[in-house]
Amino acid sequence: MRQLAFVPVLALALSGCALFQKDGAGPRSITGPAEPQPATEFAPAVATTTLGARAVSAEALDKTTAEEKAAALAAPAAGGERELGRVVVALGPPAEQGIWLSSALVKEKAQGRIVTAAGKSLAVELRPGTGGALLSLAAFQALGLSLTELPEVTIYGP
C-alpha cells in the first residue's frame, strides 16, 4: 500500500525536472517557452486572379429573348386585376430563367404585372415567396434597371 502512495509523488517530482533542463531553446515556464521563436518556414505563395477573370456577364446568364422581353413590356393590363401591394425588390437568382417576381404578397402562382416608380409596366409570372421580394434578371433588364438597384414596384394580380 505504501508503494502505491509513493508513485504519485515520484511522478510529480519527475515532471518538474523538465523546468530545469538546458536544451538551448531559451528560458522556459510551466506553459512553454518564455520567448516565441522566429519563424523559419514561410507559406507558399498563393496565386490569385482578378474578379473579372472569373466573372460572367448578366447577358450570358439571361436566356430570355429580346422578343419575350418586348412582349412582356407591351402586354396591356388585364381586366379584373387588383393591386396586391408595393414591395422593394432585389435581384433574384440569375440561374432561374424567365420573367418572374417572387413575393410574400403572392399566395399562388399566377400571371400578373408590376409597375415601377417611373411608370414602366411589365407582365410577369407571380410566384409565392417568403422574406424579401425577388425579381428575375430578365425582368430587371427588360425594365432597364441597374442590377445593384433596389427599386420599389407595385404588384398587380388576379
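Let's start from the outside: the protein has an accessible surface of about 11,100 Å², and carbon and sulfur atoms make up 62% of that. Keep in mind as you look around that this is a predicted model. As for what is tucked away, 27% of the protein's 158 residues count as buried.

Now for the fold itself. You'll find five helices and eight strands in the protein. Walk along from the N terminus and the elements come in the order α-β-β-α-α-α-β-β-β-β-β-α-β. So much for the order along the chain; what about contacts across it? Take the contacts in the protein with a separation of 6 or more: 70% of them are between residues 24 or more positions apart.

For a close-up, pick out S103, which you'll find in strand β4, a stretch covering residues 100-103. Is S103 buried or exposed? S103 counts as buried because its relative accessible area is just 3%, and the cut-off for buried is under 20%. And which residues does S103 touch, once you set aside its neighbours within four places in sequence? The contacts are V87, R127, P128, G129, A133 and I155.

Last stop, the aromatic rings. If you go hunting for aromatic pairs, the count for the structure is zero. There is a ring worth a look at Y156, though: the charged end of R113 sits over it, 4.5 Å from the ring's centre.

How values were computed
Residues numbered from 1 in each chain as written. Predicted model: local features only at pLDDT ≥ 70, side-chain atom pairs only at ≥ 80, totals over all residues. Heavy atoms only, no water. Helix = DSSP H or I, 4+ residues; strand = E, 2+ residues; numbered from the N terminus. Buried < 20%, exposed > 50% of the residue type's maximum accessible area, 1.4 Å probe, protein only. Contact = heavy atoms within 4.5 Å. Areas by Shrake-Rupley, 256 points an atom, 1.4 Å probe, with all protein chains shown as cover. Phe/Tyr/Trp six-rings, centres within 6.5 Å; stacked < 30°, edge-to-face > 60°. Lys NZ or Arg CZ within 6 Å of the ring centre and 35° of its normal.
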